Amino acid sequence: MSQALESLLDLLDLERIEQDIFRGRSRSAVVPRVFGGQVAAQALVAAGRTVPEDRPAHSLHAYFLRPGDPDAPIVYEVDRLRDGRSFTTRRVVAVQHGKPIFTLSASFQRYEDGLEHQAPMPPAPDPATLPTSADRLRGYPHLPAETVERFLEARAAVDLRHVDHPPYGAYGSPREPRSQVWFRTDGKLADDPLLHVVLATYVSDMTLLDSVLLAHGRGGWAVGDVVGASLDHAMWFHRPFRADEWLLYDQQSPSASGGRGLGQARIYTQDGRLALTVIQEGVVRVPREH
């Protein structure tokens, strides 16, 4: 296991300060606020620690309310909304400086057999044939060295490989609003289903809105031709998976309007099983010229 992954797991290991109240820390991100994937993952940890181990998460729905302060702790307050025979529901509010910055509702289900079908996995190259994030980022001479290093530091715990150029790598002309990324953690994880779900939640916020930028030939926050932030995030966990094994993040954007862009995605295991569905909307604005 890499030191970066150990550091990330430590970040996600919340301190319990009351029965249903937890406290988490933050770390630097690409933008000067708490990374949305971090607060979503920590909130899911808080919820999951109040649920029996035989009930894995099957969905979450979240809203980003305020930018998080990376220099202040985050307190996660869990409400036990329902404990049914098959389903358990939790609501989590993340608080900083006395105000909510994020809310999450998560549902957990006891395993049961049922009907089975899935959308087929789209074609994608073998991740072993793709350049690493470091190789890609350091190959773009237009990106400042400081920006490249911030990206690499923020994503050091994850081996993330783009199938094609990300928005900040090749921009200026619109492309199909679709992107594919392979990812896995940079090291093996324990056999804890909640941990794998939490790590996938963390990574899911890294690239989903990129497809919005592709449709308009924008490079994104790395080059400063848009400003934005996550607004809401929803995930459905369909089948068991491991976040330390390759997962294909197949992303597209069906719409952008009103200063907002929508991204939707499916995440597949390398052997073709549909593991997750993700939908996210974010603020995507073109900076005004003065």
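This is a tutorial dialogue on how to read a few features of the structure above.

Biologist: Before we begin, what kind of model is this, and how are its residues numbered?

Modeller: This is a predicted model, in which local features need pLDDT of at least 70 and side-chain atom pairs count only at pLDDT 80 or more, while totals for chains, interfaces and linings use all residues. Residues are numbered from 1 along each chain as its sequence is written, and side-chain values use heavy atoms, with hydrogens and water left out.

Biologist: How many residues does the largest nonpolar core have, and which of them have the most contacts inside it?

Modeller: In soluble globular proteins, nonpolar side chains tend to be buried together. A nonpolar core is a set of buried Ala, Val, Leu, Ile, Met, Phe, Trp, Tyr and Cys residues joined through side-chain atoms within 4.5 Å, where buried means under 20% relative accessible area, exposed means over 50%, and partly exposed lies in between (1.4 Å probe, protein chains only). Here the largest core has 57 residues, and those with the most contacts inside it are Val39, Tyr76, Phe102 and Phe237. Its largest share, 8 residues, comes from helix α2 (residues 36-48); helices (H or I, at least four residues) and strands (E, at least two) are DSSP runs, numbered from the N terminus. A second, separate core of 8 residues includes Leu137, Tyr140, Val148 and Tyr168.

Biologist: Which residues is Phe237 in contact with, leaving aside its neighbours within four places in sequence?

Modeller: Contact means heavy atoms within 4.5 Å, and the partners of Phe237 include Leu44, Ala57, Val197, Ala275 and Leu276.

Biologist: In what order do the strands of the open sheet lie?

Modeller: Strands of a sheet pair through backbone hydrogen bonds, either parallel or antiparallel, and two strands are taken to pair if DSSP finds at least two bridges between them. This open sheet of 12 strands has the order β1-β2-β4-β5-β6-β3-β9-β12-β11-β10-β8-β7, with antiparallel pairing. The edge strands, each pairing on one side only, are β1 (15-18) and β7 (158-162). Neighbouring strands are turned by 25° against each other on average, direction ignored; the axes are lines fitted to C-alpha atoms, for helices over the stretch in contact, and angles run from 0 to 180 degrees between N-to-C directions. Strands β9 (residues 227-237) and β12 (residues 274-285) run antiparallel and are joined by 10 bridges, and Gly228 has Val284 in β12 as its bridge partner. Helix α5 (residues 193-204) packs on the sheet, where the strands it touches include β3, β9 and β12, and its direction makes about 150° with that of β9.

Biologist: How many salt bridges are there, and where does the pair of Asp20 and Arg80 lie?

Modeller: Side chains of opposite charge can pair when their charged atoms come close. A salt bridge is a side-chain nitrogen of Lys or Arg within 4 Å of a carboxyl oxygen of Asp or Glu, and by this rule the count comes to 14. Asp20 and Arg80 meet in one of them (2.9 Å, N to O), with Asp20 in the loop between β1 and β2 and Arg80 in strand β4, 60 residues apart. Asp20 counts as buried at 17% relative accessibility, whereas Arg80 is partly exposed at 38%.

Biologist: Which residues are linked with Arg242 in a network of salt bridges?

Modeller: The network links Asp191, Arg242 and Asp244. Within it, the side chains of Asp244 and Arg242 meet at 2.9 Å, N to O; Asp244 counts as buried because its relative accessibility is 5%, while Arg242, at 24%, is partly exposed.
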